[in-house]
Amino acid sequence: MTKDSFPLSKVFLLDPNPDLHGDLLTISRPGVAWFEVFIRLSKGARCDAWWKPVPMEWLPARVRKNRSRPVDFIGLMGHGLAFSDRAAKVLASLLGDTVELLPLDYDGPGRFYVVNMLDILDCLDEERSIIDRYSDGDISSVKKYVFKPGSTEGHHLFKCKQCLLHNLVSAEFKALVEETGLVGAYFTPVGE
């Protein structure tokens, strides 16, 4: 078979890798735990009216040679995604108003923003996807995404309504990140 006989993925899982680069960790703020903030951010609704910068602490990369290297994408302890100021500027024209960037308060280099994804798509073909479920029938994870035809076209950074854990991006998003040399994003092709 030739390379052309396989369909190219149009959707990728975006994974900021904390083993290679620094990560952020929540410092407790009275009355609000990070998980509660994440739940509010995962509804696809604007949050700027109630947002107060969450205090965060910079953790150095686990891989020594990568310590103190600039990074543009950071995972928030499995509960979200943050962009550097540079990533926010580079991706602004592609993402438009499909994300809300909320400032973080932390003691590290540069500025970072929590990415509140407003683009939550009902895009998963549950019958054709390979899904793990909890005993109550809710989706715990998606092992193989199969998308409803046309449901992801024109969407560049989004979450799937049926499983909000993964940050999904378009081929255009991936290409822009790679062309501009943004650091810290790792992409895995997903979906049909």
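This report walks through the fold, core, cavity and salt bridges of one protein model.

**Overall picture**

Bear in mind that the model is predicted. The chain folds into three helices and 14 strands. Of its 192 residues, 42% count as buried. If you take the contacts between residues at least 6 apart in sequence, 68% of them join residues at least 24 apart.

**The nonpolar core**

Let's start inside. The largest nonpolar core has 19 residues, and the ones touching the most other members are Leu-14, Phe-73, Phe-83, Leu-91, Leu-157 and Phe-173. Who supplies this core? At least two residues each come from β1 (11–16), β5 (81–84), α2 (85–95), β8, α3 (171–180) and β14 (185–190).

Phe-173 is a good place to look around. Setting aside neighbours within four places in sequence, Phe-173 is in contact with Leu-14, Phe-73, Phe-83, Leu-91 and Leu-157, among others. The rest of the list for Phe-173 is Leu-94, Leu-95, His-156 and Phe-187.

Leu-81 is worth a stop too. This residue lies in strand β5, and Leu-81 counts as buried because its relative accessible area is 1%, with the cut-off for buried set at under 20%. Again leaving out neighbours within four places, Leu-81 is in contact with Leu-14, Pro-16, Ile-74, Leu-76, Tyr-113, Val-114, Val-115, Met-117 and Asn-167. One of these partners, Met-117, is 36 residues away along the chain, and the two C-alpha atoms are separated by 9.4 Å.

**The cavity**

How many cavities of 30 Å³ or more does the structure hold? Just one. About 110 Å³ of space lies in this largest cavity. Its lining is made up of 13 residues, with Phe-38, Leu-41, Val-115, Met-117 and Lys-159 lying nearest the centre. The elements giving two or more residues to that lining are α1 (34–41) and β8 (112–117). Strand β8 has the largest share, with four residues.

What kinds of residue line the cavity, by class? Seven are nonpolar, five are polar and one is charged. There is a link back to Leu-81 here: Val-115 and Met-117 are among the residues nearest the cavity centre, and both are also in contact with Leu-81.

**Salt bridges**

On the charged side, the structure holds 10 salt bridges. Three of them are set out below.

| Pair | Closest N–O distance |
|---|---|
| Arg-86 and Asp-72 | 3.4 Å |
| Arg-133 and Glu-126 | 2.7 Å |
| Lys-143 and Asp-132 | 3.3 Å |

Take the Arg-86 and Asp-72 salt bridge. This pair links distant parts of the chain, with Arg-86 in helix α2 and Asp-72 in the loop between β3 (55–59) and β4 (73–75), 14 residues apart. The two ends sit in unlike surroundings: Arg-86 is partly exposed at 40% relative accessibility, whereas Asp-72 is buried at 6%.

For Arg-133 and Glu-126, whose side chains meet in a salt bridge, the setting is another matter. Arg-133 is partly exposed, with a relative accessible area of 42%, and Glu-126 is partly exposed as well, at 34%.

Then there is the salt bridge between Lys-143 and Asp-132. Lys-143 lies in strand β11 (residues 139–144) and Asp-132 in strand β10 (residues 130–133), so this pair ties together parts 11 residues apart in sequence. Lys-143 is exposed, at 60% relative accessible area, while Asp-132 is partly exposed, at 29%. Elsewhere, Arg-46, Asp-48 and Glu-100 are joined into one network by salt bridges that share partners.

**A buried loop residue**

One last stop is Thr-152, found in the loop between β11 and β12 (157–160). Is Thr-152 buried or exposed? Thr-152 counts as buried because its relative accessibility is 12%, and the limit for buried is under 20%. Not counting residues up to four places away in sequence, Thr-152 touches Val-11, Leu-121, Cys-123, Phe-147 and Phe-158. Of these, Val-11 is 141 residues away in sequence, with the two C-alpha atoms 7.9 Å apart in space.

How values were computed: Residues numbered from 1 in each chain as written. Predicted model: local features only at pLDDT ≥ 70, side-chain atom pairs only at ≥ 80, totals over all residues. Heavy atoms only, no water. 1 Å grid on protein atoms, 1.4 Å probe; cavity = no way out; pocket = protein on both sides within 12 Å on 5 of 7 lines; lining within 4 Å. Points joined across faces, edges and corners; volume = space filled by probe spheres on them. Nonpolar A, V, L, I, M, F, W, Y, C, P; charged D, E, K, R; others polar. Core = buried A, V, L, I, M, F, W, Y, C linked by side-chain atoms within 4.5 Å. Buried < 20%, exposed > 50% of the residue type's maximum accessible area, 1.4 Å probe, protein only. Contact = heavy atoms within 4.5 Å. Salt bridge = Lys/Arg side-chain N within 4 Å of Asp/Glu carboxyl O.
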